[in-house]
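Colleague: I should be grateful for a close look at one part of this model, followed by a connected account of the elements around it. Please proceed from the local pairing to the helices.

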Amino acid sequence: ACLLRGGQLLRAAAEERFTRRKQDGRFPEATIRYCLEAEGLTAEDIAVVAHGWRFGASSGDVRRVARRVAQEPSEVAREHLLGVSERYEEVDRNVERRVEEGLARLGIPRAKLRMYDHHLCHAAGALYFCPYGDALEPAGPSSCGSVCVTLDGRGDFAAGKVVTVAAVPALAAAKRTRRKGRSGIDVPEENEAEAARGEELHTLDVTSMFDSVGFLWAFVTAVLGFKPFRHEGKVTGLAARGQAERTLPIFESIMGLQQDSVDQSRWRIRTHWHDSEVHNFQLYLSGLEGAPSDKLRLQDFTLFKELSQHSREDVAAGLQFFTERLMLDYLARNGFARPLLCLSGGVFANVRLNMRLRMDLTGVQRVFVYPSMGDGGLCCGAAALAARELGETVSAPHGIISLGPSFSASDVHAALQASSAAGAQEAAKIPELNAFAQAVASHVHAGR
């Protein structure tokens with residue numbers, strides 16, 4: 001959660017800092033309390049609660065999902081896609097309920113909640129808090145403009161978006177159709193644009209959640225024995241020691257670029273769906289969201305069996321090279337490269353991928369990777385969108401900053417003593433950093 005006042009980012013922290021639960025995905029009640037208390041505020045002082053997930057399909061979402069489903073030639077494959085969509089809709093409804101319950105515990109009325117498109121929040125965080133001053137300048141005689149690419153597992157029926165900044169012509173703004181959001185707030189209908197003070201965030205392209213690069217990484221992470229949606233960085237590390245050509249054909253057989261059947265100037269990222277459940281890796285991941293009886297065995301999937309014939313290093317290297325080439329081709333063929341390229345979403349925690357986009361994508365001069373590129377950073381993007389709707393200029397400190405709580409050496413030592421007196425004494429006797437790291441690793445491995 002984060003706190004903006006007058007458009008200025010004052011506080012931001014992850015719930016795990018307070019609960020000590022890694023990547024804690026529960027309602028950030030402790031973080032919100034910290035943000036308010038640190039600034040001397042109460043729940044009554046809150047004007048808007050902005051959330052980075054819309055929890056409900058817009059008419060544009062429905063059309064995109066229907067169009068993507070219709071593009072599958074097989075009726076069985078279409079049923080698979082619809083089943084995945086229904087599963088995630090159910091998951092999102094449960095999350096929405098938890099958000100409402102969390103706000104109630106804090107004494108914040110539901111009427112103050114505004115919900116924003118997931119990927120637009122990823123993009124807003126990168127564009128509004130980019131340290132380069134021209135990130136929000138639309139393309140024109142004095143500026144070449146910028147673009148933000150988002151990519152993750154899924155969010156509001158999408159796995160990624162390409163978003164840019166454009167001037168808002170008065171006539172176009174007047175003609176934009178609008179609808180009442182579920183929070184009762186007027187929101188743009190077609191392209192989820194956000195307009196304020198003569199600028200807007202404009203969506204150039206959307207990648208369907210049925211064609212998710214982030215889900216592919218999550219599946220491979222599970223195949224290699226790690227935790228999906230958490231340990232993808234370990235796969236990136238293994239890639240440096242493998243031979244990509246040994247497994248690259250496997251990844252090329254399940255996903256790639258495909259020319260759009262309607263707009264032939266557009267190239268889409270597409271997963272190749274099949275009739276058989278075990279040929280569709282995304283069904284394993286959607287199964288993780290349901291009841292235990294709904295889960296499918298990882299070992300039964302064809303992709304698991306194919307990848308298991310190779311070393312972990314070669315699998316990782318093939319996936320890494322495949323992702324780099326896929327994204328380079330996608331951005332180049334669609335003409336999405338800009339001198340300033342902003343990146344957000346969990347997939348862009350991949351440092352090697354980001355470097356390749358900077359070095360090999362023609363026309364890119366600078367790259368800004370939003371530091372909290374995963375869903376933990378959505379709060380800042382959502383708050384920025386809400387601030388812009390209120391006519392405020394969004395700003396944040398630059399450089400190496402800490403907007404959350406800090407812990408002194410004495411705090412750490414006290415925590416060690418409280419959890420394990422013997423462990424604290426042992427740690428205090430280790431003067432050399434490498435030996436200390438080894439001791440910590442041993443404790444973690446032993447479950448201490």
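Which residue is the bridge partner of Cys2 in E2?

Modeller: This is a predicted model, and the description below should be read accordingly. The bridge partner of Cys2 in strand E2 is Ala12. That pair belongs to the pairing of strand E1, residues 2–5, with strand E2, residues 8–12; the two strands run antiparallel and are joined by four bridges. Another pair in this arrangement is Leu4 with Leu9, the latter lying in E2. Two residues separate the strands of this hairpin, and Gly6 adopts a positive phi near 65°.

A glycine with positive phi also appears after helix H4: Gly107 follows this helix and has a phi near 75°. Helix H4 itself covers residues 75–105, a run of 31 residues. From its first C-alpha to its last, H4 reaches 46 Å, which is close to the 45 Å expected at 1.5 Å a residue. At the N-terminal end of H4, Ser74 acts as the cap, with a side-chain oxygen 3.2 Å from the backbone nitrogen of Val76.

The remaining part of the account concerns helix H12 and two helices that contact it. Helix H8 (residues 232–239) and H12 (residues 312–333) have axes that come within 7 Å and cross at roughly 100°. Because angles of 65 to 115 degrees count as roughly perpendicular, H8 and H12 are described as roughly perpendicular to each other. On the H8 side, the contact is made by Val235, Thr236, Leu238 and Ala239, while H12 contributes Arg312, Glu313, Ala316, Ala317, Leu319 and Gln320. By class, this contact has six nonpolar, two polar and two charged residues.

Helix H7 (residues 213–223) also contacts H12, with axes that come within 11 Å and cross at roughly 175°. H7 is therefore roughly antiparallel to H12. Val213, Leu216, Trp217 and Val220 of H7 meet Val315, Leu319, Gln320, Phe322, Thr323 and Leu326 of H12. The residues of this contact divide into eight nonpolar, two polar and no charged. Leu319 and Gln320 of H12 thus appear in the contact with H8 and in the contact with H7.

Terms used
Residues numbered from 1 in each chain as written. Predicted model: local features only at pLDDT ≥ 70, side-chain atom pairs only at ≥ 80, totals over all residues. Heavy atoms only, no water. Axes fitted to C-alpha atoms, helices over the stretch in contact; angles between N-to-C directions. Parallel < 35°, antiparallel > 145°, perpendicular 65-115°, else oblique. Contact = heavy atoms within 4.5 Å. Nonpolar A, V, L, I, M, F, W, Y, C, P; charged D, E, K, R; others polar. Expected span 1.5 Å × (residues − 1). Polar contact = N/O pair within 3.5 Å; in protein donor to acceptor, adjacent residues only side chain to side chain. Pairing = 2+ DSSP bridges.
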